[in-house]
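Here are some notes to read alongside the structure. Keep the view open and check each point as you go.

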Amino acid sequence: FEIRHPPIKNDITGEIKSISRFESQLFGIHENQFGWYIERDSEVVTGKWTFRIFYEGKSVLEQTIVTY
């Protein structure tokens, strides 16, 4: 899955990212969830966040939220 979000600067490396990607594999029928866990103050950013799930390389679910 991937999350497109406002630019976030990594406090340790200084890298700025606006797309975060994670890989998860499911076998058979499973219930799963994903999201964003805020670990540092630098991750508290306002703007549009789009969460996408991919299956076999194609986007099958997309949800956008706006944080203030």
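1. In which sense do strand β1 and β3 pair, and over how many bridges? They pair in the antiparallel sense, over 3 bridges. Strand β1 covers residues 2-9. To find the pairing, start at Ile 3: its bridge partner in β3 is Phe 51. One caution before going on: this is a predicted model.

2. Now turn to β2. The pairing of β1 with β2 is antiparallel and runs over 5 bridges. Arg 4 is a good place to look, as its bridge partner in β2 is Ile 19. The two strands form a hairpin. Between them lie 6 residues. In that turn, Gly 14 has a positive phi of about 80°.

3. Next, the whole sheet. Strands of a sheet pair through backbone hydrogen bonds, and the pairing is either parallel or antiparallel. Here the sheet is open and has 4 strands, in the order β2-β1-β3-β4, with antiparallel pairing. The edge strands are β2 and β4, because each pairs on one side only. Strand β4 spans residues 58-67. On average, neighbouring strands of this sheet are turned by 25° against each other, direction ignored.

4. Look at Glu 43. Which strands does its loop connect? The loop lies between β2 (16-21) and β3 (47-55). Is Glu 43 buried or exposed? Its relative accessibility is 6%, so Glu 43 counts as buried. The cut-off for buried is under 20%.

5. What does Glu 43 touch? Leaving out residues up to four places away in sequence, its contacts are Ile 8, Trp 36, Tyr 37, Ile 38 and Trp 49. Find Ile 8 and Trp 36 in particular. Both of them, like Glu 43, appear in the lining of the second largest pocket.

6. That brings us to the second largest pocket. Its volume is about 150 Å³. β1 and β2 each supply at least two residues of its lining. Other names to find in the lining include His 5, Lys 17, Phe 22 and Arg 40. How many lining residues fall in each class? There are 3 nonpolar, 3 polar and 6 charged residues. Glu 43 is one of the lining residues, and glutamate counts as charged.

Technical notes
Residues numbered from 1 in each chain as written. Predicted model: local features only at pLDDT ≥ 70, side-chain atom pairs only at ≥ 80, totals over all residues. Heavy atoms only, no water. Buried < 20%, exposed > 50% of the residue type's maximum accessible area, 1.4 Å probe, protein only. Contact = heavy atoms within 4.5 Å. Axes fitted to C-alpha atoms, helices over the stretch in contact; angles between N-to-C directions. 1 Å grid on protein atoms, 1.4 Å probe; cavity = no way out; pocket = protein on both sides within 12 Å on 5 of 7 lines; lining within 4 Å. Points joined across faces, edges and corners; volume = space filled by probe spheres on them.
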